[in-house]
Structure formats: C-alpha cells, structure tokens
Amino acid sequence: MKKLIITFFVAVLAAVSVSAMAEEPEKKDVIEIKAGQTLPEPTASKAVVIDFNASWCMPCRMFKPAFDRAAKDYSSKAVFVSVNIDENEELAKAYSVRSIPYVVVLRKGEEPVTHLGAMSYDDFRAFLNDALN
C-alpha cells in the first residue's frame, strides 16, 4: 500500500512539473512594438523586418502566419517586428504607412525595401530573399 501511495505522489508531481513547463513562455520570434517603444536598429549582420498591421485588418490576419513562419526561418538574417498602427501611430507616420499590411525591410546603410499587401509564405519568402541578399 505504501508503494502505491508513493507511486501516486510521484506521478502527480511529474504531471504538475510537465504542466508548469508547458506554461513557461517561449522565446518570441516576433517582437511586438508597443506605443512609445523604438524599433531595433539594423546591424551589419541582421536586418529589421517590420510588419505594420492592425487587429481589425483581415488581410493583416491572413498575412500573420506567413510573417510568423518567416520570423522562425530567417531568424539568422533578420529581426522581425510587428507594429499595430492603432497602438503606435507615430511610428506608422514615420514610415508613411497609408495602407496595411505594410512590410518594411531595414538594412544598415541602405534604403528601406517595402511591400504593400498580404502575401503567401512563398511570395513573402521570395520578397525576403530579394530584400535580404
């Protein structure tokens, strides 16, 4: 009986620790810029890819999975940033955002490369390959 109780408690402790591990926040691939925050600066080794969007924008919602996937796939080449234009109007104005989704790629010492509108992952990957190389 004692073994059964000990086994039960060990199983419960293991389940609790697995549950706690599942709740730990994982590293975000996309940095969300809030009001008043500044963008990361591009470096010689990493560009900055910005997605200007809004929560009410259906094309933005459609593009988000492609952007999130690219953030994982291109993490060695760029930092990926999401900017909600409703929460950060000043930054949207600074980049002359007039329609969304609007992607801006910043490379150190180069002119920004932009794209207006949602893209499939394959189209976004082709855009990134051109913009980052």
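## Overall architecture

Of the 133 residues in the protein, 35% are buried. The model is predicted, and its secondary structure comprises four helices and five strands. Read from the N terminus, these elements follow the order α-β-β-α-β-α-β-β-α.

The accessible surface amounts to about 8800 Å², and carbon and sulfur atoms account for 58% of it. Among contacts with a separation of 6 or more, 72% are made by residues 24 or more positions apart.

## Nonpolar cores

The largest nonpolar core contains 20 residues. Val49, Phe80, Val103, Val105, Phe124 and Leu128 have the most contacts inside this core. At least two of its residues come from each of E2, H2, E3, strand E4 (102-106) and helix H4 (121-132). H4 makes the greatest contribution to this core, namely six residues. A second, separate core has 18 residues, including Ile50, Leu91, Ala92 and Ile100.

Val103 illustrates the contacts made by a member of the largest core. With residues up to four places away in sequence set aside, Val103 touches Val49, Ile50, Asp51 and Phe63, among others. Its further partners are Val113, Thr114, His115, Met119, Phe124 and Phe127. Val49 and Phe124 are, like Val103, among the residues with the most contacts inside the largest core, whereas Ile50 is included in the second core.

## The largest pocket

The largest pocket holds about 440 Å³ of space. Its lining consists of 23 residues, and Glu32, Asn53, Lys64, Asp68 and Ser82 are those nearest the centre of the pocket. By residue class, the lining contains 12 charged, seven nonpolar and four polar residues.

Four elements each contribute at least two residues to this lining: strand E1 (30-33), strand E2 (47-53), helix H2 (58-73) and strand E3 (78-84). H2 supplies the largest share, with seven residues. E2, H2 and E3 thus appear in the pocket lining and also each supply at least two residues of the largest nonpolar core.

## Trp56 and Pro59

Trp56 is located in the loop between E2 and H2. The relative accessibility of Trp56 is 55%, so this residue counts as exposed. Apart from residues up to four places away in sequence, Trp56 touches Arg61, Asp86 and Ile100. Trp56 and Asp86 are 30 residues apart in sequence, and their C-alpha atoms are 9.7 Å apart in space.

Pro59 belongs to helix H2. This residue counts as partly exposed because its relative accessibility is 35%. When residues up to four places away in sequence are not counted, Pro59 touches Pro101 and Ala118. Pro59 and Ala118 are 59 residues apart along the chain, with a C-alpha separation of 5.7 Å.

## The loop between H3 and E4

Pro101, a contact of Pro59, lies in the loop between helix H3 (89-94) and E4. The peptide bond joining Ile100 and Pro101 is cis, with omega at about -5°. Ile100, on the other side of this bond, is in contact with Trp56 and is included in the second nonpolar core.

Ser96 is also found in the loop between H3 and E4. Its phi is near 55°, a positive value in a residue other than glycine. Most residues other than glycine have a negative phi, and most peptide bonds are trans. Ser96 has a relative accessible area of 43% and is therefore partly exposed.

## Asp29 in the loop between H1 and E1

Asp29 is placed in the loop between helix H1 (2-23) and E1. With a relative accessible area of 26%, Asp29 is partly exposed. Its contacts, leaving aside neighbours within four places in sequence, are with Ala71, Lys72 and Phe80. One of these partners, Phe80, is among the residues with the most contacts inside the largest nonpolar core. The C-alpha atoms of Asp29 and Val79 are separated by 8.1 Å, although these residues are 50 positions apart along the chain.

Key:
Residues are numbered from 1 along each chain as its sequence is written. This is a predicted model: local features need pLDDT of at least 70, side-chain atom pairs count only at pLDDT 80 or more; totals for chains, interfaces and linings use all residues. Side-chain values use heavy atoms; hydrogens and water are left out. On a 1 Å grid over the protein atoms alone, a cavity is a set of points where a 1.4 Å probe fits but cannot get out, and a pocket is an open set with protein on both sides within 12 Å along at least five of seven lines; lining residues have an atom within 4 Å of a point. Grid points are joined across faces, edges and corners, and a volume is the space filled by probe spheres set on the points. Ala, Val, Leu, Ile, Met, Phe, Trp, Tyr, Cys and Pro count as nonpolar, Asp, Glu, Lys and Arg as charged, and the others, Gly among them, as polar. Buried means under 20% relative accessible area, exposed over 50%, partly exposed in between (1.4 Å probe, protein chains only). Contact means heavy atoms within 4.5 Å. Accessible areas come from the Shrake-Rupley method with a 1.4 Å probe; for residues, only the protein chains shown count as cover. A nonpolar core is a set of buried Ala, Val, Leu, Ile, Met, Phe, Trp, Tyr and Cys residues joined through side-chain atoms within 4.5 Å.
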